[in-house]
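This report describes the packing, charged pairs and backbone features of a single protein model. The sequence and structure are shown first, and the description follows.

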Amino acid sequence: MLFSSISFLYLFLPALALYYIVPQRWRNYVLLVASLLFYFVGEPVYVLLLLFSSLSDYAHSLYIEKHRGTKKAKGALISSIVINLGMLFFFKYTDFLIGAVNGLAGTNIPLTGVELPIGISFFTFQTMSYTIDVYRGDAHAERNLATMATFVCLFPQLVAGPIVRYTDVSRELHARRTTLDGFYLGVRRFAVGLGKKVLIANALGEFCTLFRASTDQSVAFYWVYGAAFSLQIYFDFAGYSDMAIGLGHMLGFHFPENFDYPFISQSVTEFWRRWHMTLGGWFRDYLYIPLGGNRVSRGRWIFNVMVVWAATGLWHGAAWNFLWWGLYFGAFLVLEKLVLSRVLKKVWAPVRYLYMLPVLLVSFIIFNASGLGQLTGDLRALFGLGGLPLWSFDTGYYVQSYGLLLLIAVVGATPLMKKLWARITETKPGAAAATVAEPVFVLAMLLLTTAHLVDGSFNPFLYFRF
């Protein structure tokens, strides 16, 4: 079930009124049932996978805590990681590996055709971090199975993050307050995210679809497409994260932020401090640092970085382009650390942006390519090697048609509007006007997005494939 769907907005959410009616001690049970129902609508069979994951890590964590500091605890941790990664690899990477073997060895091993459970990359990482934290002593093992299952199945962040660790919400799982102020903040954040997704990301997706269908492409068209897709995936995923965080506020939870205006970054290093922050933090704490981090020789450090970024790429999908995408960023991070950072510090800020933006556009063209043939063709065309003209009729037509949308998206991807709103509300007249303008904006956003959802059928969510 999509957050940006009529059924979620006007059937599922109103039914959650029960959550606020029942006594505090029953709210986790209501939330657990609602979360399982939410997942069941999209993945009826794989609800069992969620329940198995909850039970497995519940049992493992209790055993680890009981035997902490012994080989038994380490063995239980390894068992938990193997089970979680085993599920992830089976559902996500089996056919990819079979295809790779068939391609390299010339065999004809049949693919399994197994469907990817929605959100498996997110909830397996959450449960792994939980058992690792219990093993390290950073978290106590959860004694209540229903509470543990609520953490694993929590619907706001179940299928698309942010990646919420048990330590982020452990206190709120046991005691949380739902206030009118918190509920309103949640509704406002949800409405903003819904607008990002439906009004901007979906429209940019239409532009990208039209680009692929065009028979009159050009070099400039490829660059505009790269910008449009980069912004589409940002507004799609950041919008979904906003909705998840907003829903968390409405339910009494405080989820970690996931995006911090990444397109204003002046280096790849800064970009990955601002983009999908919960994933970057997860790989840092549970893979990069255990590998030795940067407290090793230069050669070993380069190896650590490339391993982490190969894993980051493959986390996004079982395809070669995701691996190349991860290694691409890994190579730039190494290059910046060893050479470019000293140069970038000395140059004018606009020059750093001119370096950064093409790097990002190329990265997302790699990210969105379906197959090696399309990837090489896109990159050749992007740099004028595909025999295309610099400009074409379709380029002019679609840039003119979607120019205002692209401008809105560019401005919306910066903190300009946030700073402007903060400046306005710092004054007494502005603060007084905001008390009226904000609720009107929230209501208008909900009505406008509803109209778009009713009227249109184009409502993809890119991160469902992860």
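D242 is buried, because its relative accessibility of 7% lies under the 20% limit for that class. The model discussed here is predicted, and D242 serves as the point of entry to its charged pairs.

**Salt bridges**

The partner of D242 is R189, and the closest N and O atoms of this salt bridge are 2.9 Å apart. The two residues belong to distant parts of the chain: R189 is in helix 10 (residues 180-213) and D242 is in helix 11, with their positions 53 residues apart in the numbering. R189 itself is partly exposed, at a relative accessible area of 22%.

R189 also forms a salt bridge with E257, with an N to O distance of 2.7 Å. This pair again links distant parts of the chain, since R189 lies in helix 10 and E257 in the loop between helix 11 and helix 12 (268-274), 68 residues apart. E257 is partly exposed, with 40% relative accessibility. Together with K196, the residues R189, D242 and E257 are linked in a network of salt bridges.

A further salt bridge joins the side chains of R212 and D378, at 2.6 Å from N to O. Here R212 is in helix 10 and D378 is in helix 17 (residues 372-382), and the two are 166 residues apart in distant parts of the chain. The accessibility classes of the two partners can be stated separately: R212 is partly exposed at 31%, whereas D378 is buried at 2%. In the whole structure, 12 salt bridges are found. The pairs described above are set out below.

| Salt bridge | N to O distance | Citation |
|---|---|---|
| R189 and D242 | 2.9 Å | |
| R189 and E257 | 2.7 Å | |
| R212 and D378 | 2.6 Å | |

**Nonpolar core**

The largest nonpolar core holds 132 residues, and the members that touch the most others are F3, F8 and F155. Helix 11 (residues 219-251) gives the largest share of this core, 18 residues. Which residues does F155 touch, leaving aside those up to four places away in sequence? The contacts of F155 are F3, F8, F12, L16, L31, S35, F38, L247 and L251.

**Helix 13 and its cover**

Several residues of helix 13 are buried, namely T278, L279, G281, W282, F283, D285, Y286 and Y288. The elements that cover these buried residues include helix 6 (120-136) and helix 14 (298-316). H276 is placed in the loop between helix 12 and helix 13 (277-288). H276 is buried as well, with a relative accessible area of 0%.

**Backbone features**

The phi angle of H276 is near 45°, a positive value in a residue that is not glycine. Y261 is another residue other than glycine with a positive phi, in this case near 50°. Y261 is located in the loop between helix 11 and helix 12. A cis peptide bond is present between G161 and P162, with omega at about 5°. P162 lies in the loop between helix 8 (155-158) and helix 9 (166-174).

**Cysteines**

How many disulfides does the model contain? The count is 0 disulfides, which means that no pair of cysteine sulfur atoms lies within 2.5 Å. Two cysteines may be named for their accessibility. C153 is buried, with a relative accessible area of 0%. C208 is also buried, with a relative accessible area of 7%.

**Nonpolar surface patch**

On the surface, L416, M417, L420, W421 and I424 make a nonpolar patch of about 470 Å². One of these residues, L416, is in helix 19 (residues 416-425). L416 counts as exposed because its relative accessible area of 52% is over the 50% limit for that class.

Note on methods
Residues are numbered from 1 along each chain as its sequence is written. This is a predicted model: local features need pLDDT of at least 70, side-chain atom pairs count only at pLDDT 80 or more; totals for chains, interfaces and linings use all residues. Side-chain values use heavy atoms; hydrogens and water are left out. Buried means under 20% relative accessible area, exposed over 50%, partly exposed in between (1.4 Å probe, protein chains only). Patches are made of residues with over 30% relative accessible area and no salt bridge: like charges are joined within 9 Å, nonpolar side chains (Val, Leu, Ile, Met, Phe, Trp, Tyr) within 5 Å. Accessible areas come from the Shrake-Rupley method with a 1.4 Å probe; for residues, only the protein chains shown count as cover. A salt bridge is a side-chain nitrogen of Lys or Arg within 4 Å of a carboxyl oxygen of Asp or Glu. Helices (H or I, at least four residues) and strands (E, at least two) are DSSP runs, numbered from the N terminus. A nonpolar core is a set of buried Ala, Val, Leu, Ile, Met, Phe, Trp, Tyr and Cys residues joined through side-chain atoms within 4.5 Å. Contact means heavy atoms within 4.5 Å.
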